[in-house]
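Student: I have just opened this structure for the first time. Could you walk me through it with some questions and answers?

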Amino acid sequence: MASQEEVFKKMVSHCKEYGFVFPSSDIYDGLAAVYDYGQMGVELKNNIKKYWWDSMVLLHENIVGVDAAIFMHPTTWKASGHVDAFNDPLIDNRDSKKRYRADVLIEELIAKYDEKIEKEVEKAAKRFGDKFDAEMFKTTNPRVLEYAAKRDEIHDRYKKAMNANDLAELKQIILDYEIVCPISGTRNWTDVRQFNLMFTTEIGSTADGTSKIYLRPETAQGIFVNYLNIQKTGRMRIPFGIAQIGKAFRNEIVARQFIFRMREFEQMEMQFFIKPGTEMDWFAHWKQFRLKWHKALGLGDAKYRFHDHDKLAHYANAATDIEFEMPFGFKEVEGIHSRTNFDLSQHAKYSGKKIEYFDPETNESYTPYVIETSIGVDRMFLSIMCAAYNEEALENGETRVVLNLPPVLAPVKAAILPLVKKDGLPEKAREIMDGLKFDFKCVYDEKDSIGKRYRRQDAVGTPFCITIDHDTLNDGCVTLRYRDTMKQDRVKIEELHALIDAQVNMKNLYKKLLAE
Ligand code: ATP
């Protein structure tokens, strides 16, 4: 069986081969950590964004949207703390000349101990069969206890070092636990240094009139600087939220794992403004709602977990990640943060404007607290692709590559396939397509054998294939083939719309989200 790593590599080439994701400026051999979405990718991406936007803005009367500019007044980033504190600890290996994030090297080591523990548990579970008590085993098995102690020891030192911004101690941890460079295999490390992740550029047309500005590293600040505008013009009453989808830019030290860590990416963020003191309740509320949003897609509940932050960002008093099980481990897809009144207070201080909320019920004014939900479109895209990509062994010995995408997100909902290119079948097929195409993204394909055409659609995750044959002209029925089961049903043309709609309409997900 292919390893997870091999499957991941194949999935990445599949993304290119079928028009989902291309390296940016491909004809010039690409640009590191920047990608373009092709004809299939853009549809999937747009569907993800629609699912998010509607779930936040359409389903919540008290959430409205905004579309702020990427360029912002440079003082924004001074106020937000990004100029001084949006850094990652960087370390170089002198032999391979490769650059790493010191925190990531240590986190990977910690994760290795967790994996070792899981392996012991799995082995023991096999040995003991039904009688096996995993919890008991974890608290008594000497080897597991040894691994856990080591993991906790590293974790404690790491947490302290990160919170104290102690770069020398981070290096010492790397040395003490003999972390080696995966490329050179050596421990010839430089000191750990801070590296600011913001890109800069210049605004203004004359040399002396130019001034340095930043490409926003998060979309959130575009929401904070519009808090007053939106609260006043929208007559918003607390609690309320502002949602935004847009590009963000980070000069990431190490760009790896395809679209997992990019230098230009897209975020979907919502800032929820609340009364101080209510933040823990709202934090819990949004954690649950966001997890429900992910799970409703049906990629498998076991693939998600929460991961609480050890090091809180400079603005947060609680933070958790929703992690998804990628082929390279559980990884953050979304962050949920309780940001206190940090951002609004800072903007008030730096702008000299009063940024407060007047509560008409209590006649009090206060600076609202904020709960943020922040998810990367590209990471969400990657998690869906990883879960959907399957190489299936068929009964006849062949392998089919299929994307088991959630039908609501699939780029193409139905393929319309006349069995042959003559005898009036193409005309009938076009007529059927005309009846569906205003509601569902359809493609028409008459080239190659029907088997090949089915495979092409499986490879891009089209949930329905509709085949028009000679009988269609007499009985008004078509063959409806389902992607996942490959089952084929003979159905009436008039029934097609409802059958497809039942699977691909986002309304079904929205209802799930609103159900208790
Ligand atoms: P990481 O720890 O992986 O660097 P982060 O904690 O800095 O991520 P946030 O600042 O919380 O990330 O950003 C919110 C979301 O934006 C992340 O959960 C992720 O989905 C997405 N994101 C952040 N950085 C990138 C990136 N370089 N490429 C793609 N998506 C990103």
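Tutor: Here is a short conversation about the ligand, a pocket, some backbone angles and a few single residues in this predicted model.

Student: Let's begin with the ligand. How many residues surround the ligand, and which are the closest?
Tutor: Happy to start there! The shell around the ligand holds 16 residues. The closest of them are E252, R261, M262, E332 and V333.

Student: Which side chain has an N or O atom 2.8 Å from a nitrogen atom of the ligand?
Tutor: Begin with the closest residues, which include E252 and R261. R261 has a polar side-chain atom 2.8 Å from an oxygen atom of the ligand, so that contact does not involve the nitrogen in your question. The side chain with an N or O atom 2.8 Å from a ligand nitrogen belongs to E252.

Student: Which residue has a polar backbone atom 3.0 Å from an oxygen atom of the ligand?
Tutor: A polar contact needs two N or O atoms within 3.5 Å, and a pair at 3.0 Å is the one you are asking about. The residue with that backbone atom is G376.

Student: How much of the ligand's area does the protein bury?
Tutor: Picture the ligand taken alone, where it exposes 590 Å². Of that area, the share buried by the protein is 86%.

Student: Which element gives the largest share of the shell around the ligand?
Tutor: The elements that supply two or more residues are β10 (264-274), β13 (329-340) and β16 (369-376). The largest share is 5 residues, and it comes from β13.

Student: By class, how do the residues of that shell around the ligand divide?
Tutor: Sort the shell into three groups. There are 4 nonpolar and 5 polar residues. The remaining group is the charged one, with 7.

Student: Now the second largest pocket. Which element gives the most to its lining?
Tutor: This pocket holds about 380 Å³ of space, and of its 17 lining residues the closest to the centre are Q4, V7, C386, Y389 and N390. At least two lining residues come from each of α1 (4-17), β12 (318-326), α13 (377-388) and β17 (389-393). With 4 residues, the element that gives the most is α1.

Student: How many residues in the lining of the second largest pocket are nonpolar?
Tutor: Set aside the other classes to begin with: the lining has 3 polar and 3 charged residues. The nonpolar residues number 11.

Student: N390 was one of the residues closest to the centre of that pocket. Is N390 buried, partly exposed or exposed?
Tutor: N390 lies in strand β17, and its C-alpha atom is 5.8 Å from that of V401, 11 residues away along the chain. Its relative accessibility is 30%, which is between the limits of 20% and 50%, so N390 counts as partly exposed.

Student: On to the backbone. Which residues does a cis peptide bond join?
Tutor: Most peptide bonds are trans. Here, omega is about 5° at one bond, and P239 sits in the loop between α10 (227-233) and β9 (240-249). The residues joined by the cis bond are I238 and P239.

Student: T340 has a positive phi. Is T340 buried or exposed?
Tutor: Most residues other than glycine have a negative phi. T340, in strand β13, has a phi of about 50° although it is not a glycine. Its relative accessibility is 15%, and that is under 20%, so T340 counts as buried.

Student: What about D448, where phi is near 70°? What is its exposure class?
Tutor: D448 is also a residue other than glycine with a positive phi, and it lies in the loop between β20 (442-444) and α15 (450-460). Its relative accessible area is 42%, which is between 20% and 50%, so D448 is partly exposed.

Student: Finally, compare two helix residues. Which class, buried or exposed, does I173 have, and which does E427 have?
Tutor: I173 is in helix α8 (residues 167-176), and with a relative accessible area of 0% it is under 20%, so I173 is buried. E427 is in helix α14 (residues 425-436). Its 53% relative accessibility is over 50%, so E427 is exposed.

Methods
Residues are numbered from 1 along each chain as its sequence is written. This is a predicted model: local features need pLDDT of at least 70, side-chain atom pairs count only at pLDDT 80 or more; totals for chains, interfaces and linings use all residues. Side-chain values use heavy atoms; hydrogens and water are left out. On a 1 Å grid over the protein atoms alone, a cavity is a set of points where a 1.4 Å probe fits but cannot get out, and a pocket is an open set with protein on both sides within 12 Å along at least five of seven lines; lining residues have an atom within 4 Å of a point. Grid points are joined across faces, edges and corners, and a volume is the space filled by probe spheres set on the points. Ala, Val, Leu, Ile, Met, Phe, Trp, Tyr, Cys and Pro count as nonpolar, Asp, Glu, Lys and Arg as charged, and the others, Gly among them, as polar. A residue is near a molecule or strand if one of its heavy atoms lies within 4 Å of it. A polar contact is a pair of N or O atoms within 3.5 Å; within protein, one must be able to donate a hydrogen and the other to accept it, and residues adjacent in sequence count only if both atoms are side-chain atoms. Accessible areas come from the Shrake-Rupley method with a 1.4 Å probe; for residues, only the protein chains shown count as cover. Buried means under 20% relative accessible area, exposed over 50%, partly exposed in between (1.4 Å probe, protein chains only).
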